[in-house]
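Hi,

Here is the structure I promised to pass on to you. Please have a look at it first, and then read my notes underneath.

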Amino acid sequence: MNLRQLLTGLSTFGLMALATACNSSATHVGRLRCEYLENPMGLGERRPRLSWELNSDERGQRQAAYRVVVASSKEKLARGQGDLWDSGRVESAETTQVEYAGKELGSRQGVYWTVTSWDQDGRVAKAQMPGMWEMGLLDGQEWGGKWIGAGKDALVAPAPMLRREFEARGKVTNARAYVTGVGYYELHLNGKKVGDHVLDPGYTRFDKRVLYATYDVTEQVKRGKNAVGVMLGTGWYEVHTLAVWNFEQAPWRGAPAARVRLEVEYADGGKDVVVSDEGWKLGSGPIVYDSIYGGEFYDARLEKKGWDEAGYDDSGWKGASVMEGPKGTLVAPDMRPIRVTAVVTPKSVKEVKPGVFVVDMGRNFAGVPELRVTGPAGATVKMRCGERLGADSGLHQDEIDVYVKKRGADQAFQEARYTLKGDGTEVWSPRFSYMGFQYVEVTGFPGRPTVENFRGLVMHSDVESVGRFRCSNPVLNWIDDAARAAYLSNLHSIPTDCPTREKNGWTGDAHLAAEMAMYHFDPLPLYAKWMNDFDDAQGAAGDLPGIIPSGGWGYGKQIGPAWDTAYFHIPWYVYLYYGDTRMLERHYPRLAKYVDYVTANREKDGTVSFGLGDWAPYEAQTPFPLTSTAYYYRDLVILSEAAKVLGKGEDARKYKDMAEGVKVAFIKRFFDDKNETYANGTQTALSCALYQGLVPAGHEGAVFANLVKAVEAKKNHLDCGILGTKYLLNVLLDHGRADLAYAVVAQTDLPSWGYWMKEKGATTLYESWKDVDSRNHIMFGDVSAWFFRALAGIRPDEKRPGFRHVLIRPQVVGDLTEAAGEVHTVRGVISSSWKRVGDRVEMEVKLPANVTASVWVPGEAAAREVGSGTYRITGVAK
Ligand code: BGC
């Protein structure tokens, strides 16, 4: 396989980059986005930022100036009339973070925009396709209507259904549905589900913030009689089964409730509004049980056929109850929803005991099983979902079901039950729950099931895939794929630890995976939302719970800096990878408050003795005060840097001084200068000190030599938990031993990622090296960011963040003969690949217009400074 094939084989991005390069010599402007979203509908951000990309196959091409024109209608935009905003010509190379600075935008405002860009040769390029966005409802008061549901007694009631009919009195020119329902809702209009969101709204602290969706329903509302309906599920709002970390006691708990506002505009300029209120009807539906952990039971005999269509006889239905509803403010999500993103066809169905079948989906993922069945009314098919099989080949849930022993036999965990109506082929999948699984145990199936009877629906926040890595070693390619699968399995409006046992927003797991996410996906809008959840979660003292959202568990000193640092690291990575400063700006006061909390609770000597440490280690245990203190130090450094970026000079100095103080304390407490080691000398302890910058000047070489010895002592294996694993690979890379890091990464015996591949047939990353816990965790996933950083050699430059300038420094190591990485960054597609030919290395680098790079060619000591374009360079393999 040649280089080109390696790259283009990666993904469509490879093809896209090539297509762009071959296009023509002029600069093209494309990928117009608002708040990192393409043409968002129902935006909540009042000061949205715009971005675009420049494509050119010319070397060193850049933008000299831009002009953004923003209009209130397509027609005005076409006439070049920027009635909302016209930036005028701005001399700037900026193509991202351009903040809308026009007339104040009100609710529902439709916005159309375009951009003109001048390149350095004075040539003009206008966006090929204009962009648009539409504002949501910006003020809770505008909603009108009320929360409605089945009333207070409905705590564990079957999922209520709500409906009403309305008349559209003229030709409909525009219609919007603003809707939410807690825990989960499904909106129906005239016989059909509206939109393609699933498990909506996203998870928040419902007593602080409730997300709603905006749908364009112009096509669905018709002149004359219409019917609107909502089905409700319990989700995270109403956790009524035993839950890890006490969600059954969450302060926001309440019976499911819906809030709807439907606006219909007519050709004659008139408008009608339908809101949720006591005028709606309430019925019970076919969902007889639903629970975020338990699953969902559905009795098709209880379906109310036609309930969401006009003319349905709802005389047997009651009036809907007006509910207090969640206390949180209604806000627009400003991120992509959860969707069904793929359909999995099972590999096999085996009968493991008479009448007990096990479906193997062939891969582990988050989502739901879909059943296709024919049989008699009343027959119930039970589908229990899990990640592993026991010795008897039957489904085994012990590692993921915390309450397996406490739970009554009648209580479900990751279970879907379907009772047939006996009406031909029936196809069903759960709506209001999701599971993590590869296997489905099926009982009660009428007849003998085959693979045709099942499918897997993959569900996660529908982030865009922006990067791919490939190389000549299949173990590494497998790791990369498994990391991607684990990341997506753990992305459901918040980043989670696992899609099974907890489904919680564990902060430590998330910051460790954030960089791999930025190379592979486009997680910024979701992280922006999740950082708001941090705001909502922060305790009065400044402390943070380890899971966010939290129903009250995890505050105080139990979790500590190594997890809480997500609040610092994620905005900081967003700054590095996107050049975005807003997140730092918005959360700055709360970051300062958190630092105050730790400072108030630290030891007299300035170190920190609380919190979780290097979690899920292999054998060596590292004292947790070491990693806690190091993160406290790092938080102060980030805060100081953030202060600098935000122009707060005094704060920058203050936090830098504080950080220096912590460094002194850290060294005093943990550094053994005689033996040039830290604490008990584990790989984690040594690499932590090096990674975080906590080694006294002059000792780095000796400490690093000890780290190398510690790795060699394990026959080039790591011996770390989740924290150390990230430090180790990066420290080896940054100290010139990428070869040793590669040896560690390429192992296939314990402990290594390859062990999961080779010995376990895994398709996702696991929670523990020895495979004793969950089989779908992302917390060991930073290795796939390391592939980009080290092997493709693509890194953002801290000094010119957001890939304005890139550092390209691929490592030609071990038995690797080729490697290629490609990332669609906020400024366009950047790729780097190389191939060994004898002792030569053929390297190819591609940079979009407006991006510069320092390129280290293998065998050359100094970097070459280049501008945009494609470069094929030959280097020397060591
Ligand atoms: C979660 C982890 C988490 C850890 C911290 C576990 O139960 O699954 O991913 O970070 O707890 O205590």
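Below is what I found, going from the whole chain to the ligand, the sheets and a few backbone details.

Please keep in mind that this is a predicted model.

**The chain as a whole**

The protein chain contains 17 helices and 47 strands. Its radius of gyration is 28 Å, close to the 29 Å that the globule rule gives for 878 residues, so the chain is as compact as a globular protein of that length. If you want a feel for its dimensions, the C-alpha atoms fill a box of roughly 85 × 70 × 60 Å along the principal axes.

**The ligand**

I expect you will want to go here before anything else. Which residues surround the ligand? The shell is made up of Asp497, Arg501, Glu502, Trp506, Asp509, Trp563, Leu612, Trp615, Glu767, His777 and Met779. By character, that shell divides into five nonpolar residues, one polar and five charged.

Three side chains of the shell are worth displaying with their distances to the ligand:

- Glutamate 502 has a side-chain N or O atom 2.5 Å from an oxygen atom of the ligand.
- Histidine 777 has a side-chain N or O atom 2.9 Å from a ligand oxygen.
- Tryptophan 563 has a side-chain N or O atom 3.1 Å from a ligand oxygen.

How much of the ligand's accessible area does the protein cover? On its own the ligand has 310 Å² of accessible area, and the protein covers 93% of that.

**Two sheets**

One open sheet has five strands in the order 37-42-43-44-47, and their pairing is antiparallel. Strand 37 (467-471) and strand 47 (869-876) are at its edges with a single partner strand each, so one side of each is left without a neighbour in the sheet. On average, neighbouring strands in this sheet are turned by 10 degrees against each other, ignoring direction. Inside the sheet, strand 43 (residues 828-837) pairs with strand 44 (residues 840-847) in the antiparallel sense over seven bridges. Valine 837 has arginine 840, in strand 44, as its bridge partner.

Another open sheet has three strands in the order 1-3-7, again with antiparallel pairing. Its edges are strand 1 (28-34) and strand 7 (98-99); each has a single partner strand, so one side of each lacks a neighbour in the sheet. Strand 1 pairs with strand 3 (residues 49-55) in the antiparallel sense over five bridges. In that part of the chain, arginine 33 stands opposite serine 51 in strand 3.

**Backbone details**

Most peptide bonds are trans, and most residues other than glycine have a negative phi. Against that background, here are three places to look at.

- Isoleucine 548 and proline 549 are joined by a cis peptide bond, with omega about 0 degrees. Proline 549 sits in the loop between helix 6 (524-537) and helix 7 (561-564).
- Leucine 750 and proline 751 are also joined by a cis peptide bond, here with omega about -15 degrees. Proline 751 belongs to the loop between helix 15 (738-745) and helix 16 (753-760).
- Leucine 199 is not a glycine, yet it has a positive phi of about 50 degrees. You will find leucine 199 in the loop between strand 15 (192-193) and strand 16 (209-211).

Happy browsing, and do write back with any questions.

Best wishes

Note on methods: Residues are numbered from 1 along each chain as its sequence is written. This is a predicted model: local features need pLDDT of at least 70, side-chain atom pairs count only at pLDDT 80 or more; totals for chains, interfaces and linings use all residues. Side-chain values use heavy atoms; hydrogens and water are left out. Two strands pair if DSSP finds at least two bridges between them. Helices (H or I, at least four residues) and strands (E, at least two) are DSSP runs, numbered from the N terminus. Axes are lines fitted to C-alpha atoms, for helices over the stretch in contact, and angles run from 0 to 180 degrees between N-to-C directions. A residue is near a molecule or strand if one of its heavy atoms lies within 4 Å of it. A polar contact is a pair of N or O atoms within 3.5 Å; within protein, one must be able to donate a hydrogen and the other to accept it, and residues adjacent in sequence count only if both atoms are side-chain atoms. Accessible areas come from the Shrake-Rupley method with a 1.4 Å probe; for residues, only the protein chains shown count as cover. Ala, Val, Leu, Ile, Met, Phe, Trp, Tyr, Cys and Pro count as nonpolar, Asp, Glu, Lys and Arg as charged, and the others, Gly among them, as polar. The radius of gyration is taken over C-alpha atoms; the globule rule is 2.2 Å times the number of residues to the power 0.38.
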